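These notes are meant to be read beside the coordinates. They go through the metal site and then the sheet and the helices packed on it.

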Amino acid sequence: MRILFIGDIFGRPGRNIVRDRLPSLVKDHSIDLVIANGENSAAGFGITPQLAEELFELGIDVLTSGNHIWDKREIIDFFQMADGNPHSPSRRLLRPANYAPDLPGHGLYEGRKGEIEYAVINLQGRVFMPSNDDPFRKTDQLLRDIQSKVILVDIHAEATSEKISLGWYLDGKVTAVVGTHTHVPTADERVLPNGTAYITDVGMTGPFDGVIGVKKELVVGKFLNNMPVRFEAASGDVRLCAVVIDCDEKTGRARSIERVMVGERGAGLRS
Ligand SMILES: [Fe+2]
Ligand SMILES: [Fe+2]
């Protein structure tokens, strides 16, 4: 099975590049399953039900998220719409599993693509982030009931050490551990010794002519003056960051992980 995981989709520029480039990526890389982090789809802050449905219609199978998942209040009603339907669009949008268990939404989705069963787990780190439950032990708890061999984990976290530690902790237990949240792709993709594909951060799908998606003047001004400022999405140099993971669906072991960055311009973009 070949999985495309797309990093944090940021605002309209991010949504548009997914619309433009996803079909050719799926074809060129023989992709079977598409997963994307959509926490910044709504102008950088959260995701609305309408935008989630729009992204699913583009061919994304499962959407993960992170700390921005609660920014748009209507997402709470959307999560509750999933009641009773294990594969509805609202059930295929995840929030980190290690938020309080009684909050709306789920951090685990189990689905099937053709004959292949797969699972997606969404977790959030705790270093320089909200003080959620332990993502390590939460994963152990979730893994006890998962039947699928193919299991992808999105660790949405700030600290590289926390993400790398989770990669080692889950090596041999899941197919892939991919990092999101920093919006900056890291060059450390590899398959760990027991068959888990790993990368610290997939990177952002959105405007790179800014500071992690926001207009650069606003963020630079914030650092200079420390005054309250309303962040607005940047617009230029739009890129799509993703990884392609190839795995043996019978064992769940990864064979390879490859970074992908496509965009409108810029030297060194890899497709
Ligand atoms: Fe993000
Ligand atoms: Fe985030």
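1. Burial is used here in a fixed sense: a residue is buried under 20% relative accessible area, exposed over 50% and partly exposed in between, with a 1.4 Å probe and protein chains only. At 10% relative accessibility, Asp237 therefore counts as buried. Asp237 lies in the loop between α6 (216-225) and β13 (238-247), where helices (H or I, at least four residues) and strands (E, at least two) are DSSP runs numbered from the N terminus. Its phi is near 50°, a positive value in a residue other than glycine.

2. On provenance, this is a predicted model, in which local features need pLDDT of at least 70 and side-chain atom pairs count only at pLDDT 80 or more, while totals for chains, interfaces and linings use all residues. Residues are numbered from 1 along each chain as its sequence is written, chains are lettered from A and ligands numbered from 1 in the order in which they are written, and side-chain values use heavy atoms, with hydrogens and water left out.

3. The iron ion (ligand 1) has as protein donors Asp8 (OD), Glu39 (OE), Asn40 (OD1) and His183 (NE2), at 2.0 to 2.2 Å. Donors are N, O and S atoms within 2.8 Å of the metal (3.2 Å for Na, K and Ca), and water is not among the atoms, so sites may look incomplete. Along the chain the donors of this ion follow the spacing D-x30-E-N-x142-H. Glu39 lies in the loop between β2 (33-37) and α2 (49-57), and His183 in the loop between β7 (176-180) and β8 (190-191), so that the pair ties together parts 144 residues apart in sequence. Both Glu39 and His183 are buried.

4. For the iron ion (ligand 2), the protein donors are Glu39 (OE), Asn67 (OD1), His156 (NE2) and His181 (ND1), lying 2.1 to 2.2 Å from it, with the sequence spacing E-x27-N-x88-H-x24-H. Because His156 belongs to strand β6 (residues 150-156) and His181 to the loop between β7 and β8, this pair ties together parts that are 25 residues apart in sequence. The two iron ions are 3.5 Å apart, and Glu39 coordinates both.

5. What are the angles among the four donor atoms at the iron ion (ligand 1)? They run from 87 to 162°, and the site is irregular; at the iron ion (ligand 2) the angles are 87 to 145°, and that site is irregular as well. Four donors count as tetrahedral if all angles lie between 85 and 135 degrees; four count as square planar and six as octahedral if opposite donors are over 155 degrees apart and all others between 65 and 115; anything else is irregular.

6. His181 deserves a separate look, since it has a positive phi of about 105° although it is not a glycine. At 12% relative accessibility, His181 counts as buried.

7. Six strands form an open sheet of mixed pairing in the order β4-β5-β6-β7-β9-β8, two strands being paired if DSSP finds at least two bridges between them. β7 and strand β9 (residues 197-199) pair in the parallel sense over three bridges, and Val177 stands opposite Tyr198 in β9.

8. Helix α5 (residues 160-170) lies across β5, β6, β7, β8 and β9, at about 170° to β7. Contact means heavy atoms within 4.5 Å, and axes are lines fitted to C-alpha atoms, for helices over the stretch in contact, with angles from 0 to 180 degrees between N-to-C directions.
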